[in-house]
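Here is my note on the structure you sent, set out as numbered points. Please read it with the sequence and the model open beside you.

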Amino acid sequence: MAQKPSIPKGTRDFNPQDVAKRNYIFSTIRSAFETFGFQPIETPSFENSSTLMGKYGEEGDRLIFKILNSGDYLSKVDNKYYLDKNSSMLTPYISEKALRYDLTVPFARYVVQHQNEIDFPFKRYQIQPVWRADRPQKGRFREFYQCDADVVGSNSLWQEVEFVQLYDAVFTALGLHGVTIKINNRKILSGIAEVIGAQDKLIDFTVALDKLDKIGEEKVKEEMLGKGIPQSGIDKLQPLFSLSGDFGAQVTELKSILETSEEGRQGIEELEFINKGIEALGLKTATLQLDVTLARGLNYYTGAIFEVAAPEGVKMGSIGGGGRYDDLTGIFGLKDMSGVGISFGLDRIALVLEQLNLFPETITNTVKVMFINFGEAEGMASMKAIKVLRENDISAELFPDKKKTVKQFNYANKRNIPFVVLVGESELADNTYTLKNMASSAQETITLDTLISALK
RNA sequence: GUGGUUGUAGCUCAGCUGGUUAGAGCGUCGGUUUGUGGUACCGAAAGUCGCCGGUUCGAACCCGGUCUUCCACCCCA
């Protein structure tokens, strides 16, 4: 055998069973999106580099897949950068396009570009692959699908309420019960930073706070101190580390911490509105949980921040995330356009469903009936019947070769084909069909009309 | 990007401190007399031991590099 071919790091092939399972998730999400009034759009898999670069922070820029220019791309390069081997300066000269890194920034570009054709508020969903030059791990790929729903052009907090409901609806429909929808608000984080005198260190502060459940209270304090946050401020955080109780109790605690911060108080108000809405409307299987340490999220979030964690006991990074960004389109020149949205990580959801064995057994993409091949004349009779079955929306096929029946049955078995039809010498003479149910082994010899109704 | 880890037939894995023709189970293919599968029995094919280089009389095994896998950072879906 020759050298085995392979695919790039962090990419995968999907076999028919995989595709069937993924399609099941896609269609569940898609139908929920549409039920909530979202409309689909699609954008190109690659954008101009200038559209993407600088939108995800320094880290993000590094993870964007750049596309090499065509032609003699080195001829345009400034000798200085070339000879210095200065990659970051050289890149813009040799790469003008890049694969999309997420669906939100291309969406912002889309909104600005098509602002005159769009009726606001605009609710769109988008299900497409994205690419990141990340180092792969489990549940972490270089090519994966995001399923995004966003609304632009409305400041209403009802949108946030709806997104919580949407998460609940999708995961309930997928049978993935017990997910936790964590919610926080960027304004609360800013407020806390303000109160402890670290407003200029918001990022450092949130990054440290985010690690609370991972490295513990002491280490978090150490890190904050190391980043130059005053001890007096850290002391004020004490109540934060011991936040407990239900949503209401935590909010009360927060209020006392954030008394002096206008922004913080606003964040709390928003949070309370969302929680009140969800309490009144109810969730089917998910839980909404306030998580003040939830600080992840891209630089552009300005209000609510969401993240969805798989049910307890499943080791997997977040399976969804999102939030409110007041000025996303601002970077492309369209001001005062608030957006809020969420994303589902299809690939991780698939892994979780697989692990918990939650895929319905009925997910298959096999044909319903296979005709055994007994020879040329029998084959012709079979093909005629198959034609009629297909016209009746029944998937059917003829085993192409006249092999031993044992082999043909084996094949049908392995492909999980539920029914087999035999058209041999006697059936040919009588103009009948022997239909066998592979699961029960029962078989009967019937006419074409009966065959059709039996398989419908 | 940093540190670690993995890689042997299609799949899951054995292979003792380097020693002669690298094994098993499952799967695949063929057969158990030619119209009936998922069971049983018999038989066969299939591996430049991830790739490149080095050490050695000799390497799947030791060393270096590289790719891949997974893990921890980082970041995220």
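**Notes on the predicted model**

1. In strand β8 (residues 287-290) the side chains alternate between two faces: L288 and L290 point to one face and are buried, whereas T287 and Q289 point to the other and are not buried. Please bear in mind throughout that this is a predicted model.

2. Which strand pairs with β8, and in what sense? The partner is strand β7 (residues 180-185), and the two run in the parallel sense over 4 bridges. Within this pairing I183 stands opposite L290 of β8, and L290 is one of the buried residues in the alternating pattern described above.

3. Helix α7 (residues 158-173) agrees with the expected geometry, because its 16 residues at 1.5 Å a residue should span 22 Å and its end C-alpha atoms are 22 Å apart. The helix is followed by G175, a residue with a positive phi near 80 degrees.

4. Is α7 mostly covered or mostly open? It is mostly covered, with 12 of its 16 residues buried. The buried residues include the aromatic side chains of F163, Y167 and F171, but E160 and D168 are also among them, as are Q159 and T172. Here buried means under 20% relative accessible area.

5. A separate open sheet is made of 3 strands in the order β2-β4-β3, with antiparallel pairing. Its edge strands are β2 (46-48) and β3 (66-67), each of which pairs on one side only. The pairing of β3 with strand β4 (residues 97-99) is antiparallel and extends over 2 bridges, and the bridge partner of I67 in β4 is K97.

6. The second largest pocket holds about 370 Å³ of space. Of the 17 residues that line this pocket, Q17, I363, T364, N365 and N416 lie nearest its centre. Helix α1 (residues 16-35) supplies the largest share of the lining, with 4 residues. What is the chemical character of the lining? The lining residues divide into 6 nonpolar, 6 polar and 5 charged.

7. On the overall layout, chain A is divided into domain 1 (188-288) and domain 2 (365-455). The centres of domain 1 and domain 2, taken over C-alpha atoms, are separated by 66 Å.

Conventions. Residues numbered from 1 in each chain as written. Chains lettered and ligands numbered in written order. Predicted model: local features only at pLDDT ≥ 70, side-chain atom pairs only at ≥ 80, totals over all residues. Heavy atoms only, no water. Domains from an automatic or database assignment. 1 Å grid on protein atoms, 1.4 Å probe; cavity = no way out; pocket = protein on both sides within 12 Å on 5 of 7 lines; lining within 4 Å. Points joined across faces, edges and corners; volume = space filled by probe spheres on them. Nonpolar A, V, L, I, M, F, W, Y, C, P; charged D, E, K, R; others polar. Buried < 20%, exposed > 50% of the residue type's maximum accessible area, 1.4 Å probe, protein only. Pairing = 2+ DSSP bridges. Expected span 1.5 Å × (residues − 1).
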